[in-house]
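Me: I am new to this structure and would like a close look at a single part of it, the largest pocket. Please describe what lines that pocket and how the elements around it are packed.

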Amino acid sequence: VTDRGGEGRMKAGVEENMRFIRKVQSSRPADGRLSALFGLHAGLTLSEETLDFCRRANNVGAGFHIHAAEDAADEYDSLAKSGLRTIDRLQKHGILGRNSIVAHAVHVDVKEINILAETGTWVTHQPRSNMNNAVGVAQVEGMLRTGVRLGLGNDGMSNDMWEEWKATYFVHKLWHRDSRRMPASLIEQMAVYNNAELATDLFNVGKIGAVEPGAQADLIFVDYQPYTPLTTGNLPWHIVFGFHSSMITTTMVAGKVLMQGRKLVSIDEEKIAREALG
């Protein structure tokens, strides 16, 4: 939902959000692998009236997803519209909460970080997108220390999440001019354990991100030949410096093999690519 196309398109966006959310909720429990949040574009493209309208329209308990404080302009826009900083404004309108996701949160202050922690709102960090848009680097380590539930995302840059690991590892060191910042183990916490908790919270399939009885059988097989010792303790650094998506040979979702020997099992990849180009 955005105000950029006028009131008519804004309301059409609200209607489409609610149509899809109700469809997903009414179909549960099927396999539970489809979930929906109410999609808001960004704080600076939404008026006070639109935020109120969206809050009232979302009467089925779905969480929200919104880009917030990605650029400093978002904070100045929020102050001009409401007299409040971006996160304070979202809290006022009832957008935050344990089922909501705030993307970016680059330009937040200490109070805003505390609000995100207190409300249990998810925050996602997208380093390559932030680099591409030249908006700065989020206070990831500080937010984690404050108790913010923080995961790793990509904002559509690509779905190669190991590349996002690498960008996270290096950009924070450069930004702070300190090679001790952002250890790979902290990225593992966000990208593996926190993201698994986020998925477990928002989907209806039981535990995600663990290899144990009753958890989802979601697995990847990686053809990786280390040239230095590989242990559970240094695995995150091997991922940053050694892993590439081309090393994934097999993928499994809920026990069903989707790719084997680097070949998609039930999808004609060439046909889909041709149709996309057409």
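**The largest pocket and its helices**

Reply: In this predicted model, 47 residues line the largest pocket, and those nearest its centre are Met-161, Ala-191, Val-192, Asp-218 and Ile-220. The space in the largest pocket comes to about 2000 Å³. Several elements give two or more residues to the lining: the helices α8 (161-176), α9 (184-202) and α10 (235-242), and the strands β2 (64-68), β6 (219-222) and β7 (248-253). Among these, α9 provides the largest share, with eight residues. Sorted by class, the lining of the largest pocket has 28 nonpolar residues, 13 polar ones and six charged ones.

Since α9 gives the largest share of the lining, its packing is a useful place to continue. One partner is α8. The axes of α8 and α9 are 10 Å apart, and the angle between them is about 140°. An angle over 145 would count as roughly antiparallel; α8 and α9 are therefore oblique to each other. The crossing of α8 with α9 is right-handed. On the α8 side, the residues that meet α9 are Trp-165, Thr-168 and Tyr-169. On the α9 side they are Ala-184, Ile-187, Glu-188, Met-190, Ala-191 and Val-192. Seven residues of this contact between α8 and α9 are nonpolar, one is polar and one is charged. Two residues named here, Ala-191 and Val-192, take part in the contact with α8 and are also listed among those nearest the centre of the pocket.

The other partner is α10. The axes of α9 and α10 come within 8 Å, crossing at roughly 90°. That angle makes α9 roughly perpendicular to α10. Ala-184, Ser-185 and Glu-188 of α9 make this contact with Pro-236, Trp-237 and Val-240 of α10. By class, the contact of α9 with α10 consists of four nonpolar residues, one polar and one charged. Ala-184 and Glu-188 of α9 thus appear in the contact with α10 as well as in the contact with α8.

For a second view of helix packing, consider another pair, α1 and α2. Helix α1 covers residues 7-27 and helix α2 covers residues 48-57; their axes come within 11 Å and cross at roughly 25°. These two helices are therefore roughly parallel to each other, and their crossing is right-handed. In this contact, α1 contributes Met-10, Lys-11, Val-14 and Met-18, while α2 contributes Thr-50, Phe-53, Cys-54 and Ala-57. Six of the residues in the contact of α1 with α2 are nonpolar, one is polar and one is charged.

Definitions and conventions. Residues are numbered from 1 along each chain as its sequence is written. This is a predicted model: local features need pLDDT of at least 70, side-chain atom pairs count only at pLDDT 80 or more; totals for chains, interfaces and linings use all residues. Side-chain values use heavy atoms; hydrogens and water are left out. Axes are lines fitted to C-alpha atoms, for helices over the stretch in contact, and angles run from 0 to 180 degrees between N-to-C directions. Helices (H or I, at least four residues) and strands (E, at least two) are DSSP runs, numbered from the N terminus. Angles under 35 degrees count as roughly parallel, over 145 as roughly antiparallel, 65 to 115 as roughly perpendicular and the rest as oblique. A crossing is left-handed if the near helix is turned anticlockwise from the far one by less than a right angle, and right-handed if clockwise. Contact means heavy atoms within 4.5 Å. Ala, Val, Leu, Ile, Met, Phe, Trp, Tyr, Cys and Pro count as nonpolar, Asp, Glu, Lys and Arg as charged, and the others, Gly among them, as polar. On a 1 Å grid over the protein atoms alone, a cavity is a set of points where a 1.4 Å probe fits but cannot get out, and a pocket is an open set with protein on both sides within 12 Å along at least five of seven lines; lining residues have an atom within 4 Å of a point. Grid points are joined across faces, edges and corners, and a volume is the space filled by probe spheres set on the points.
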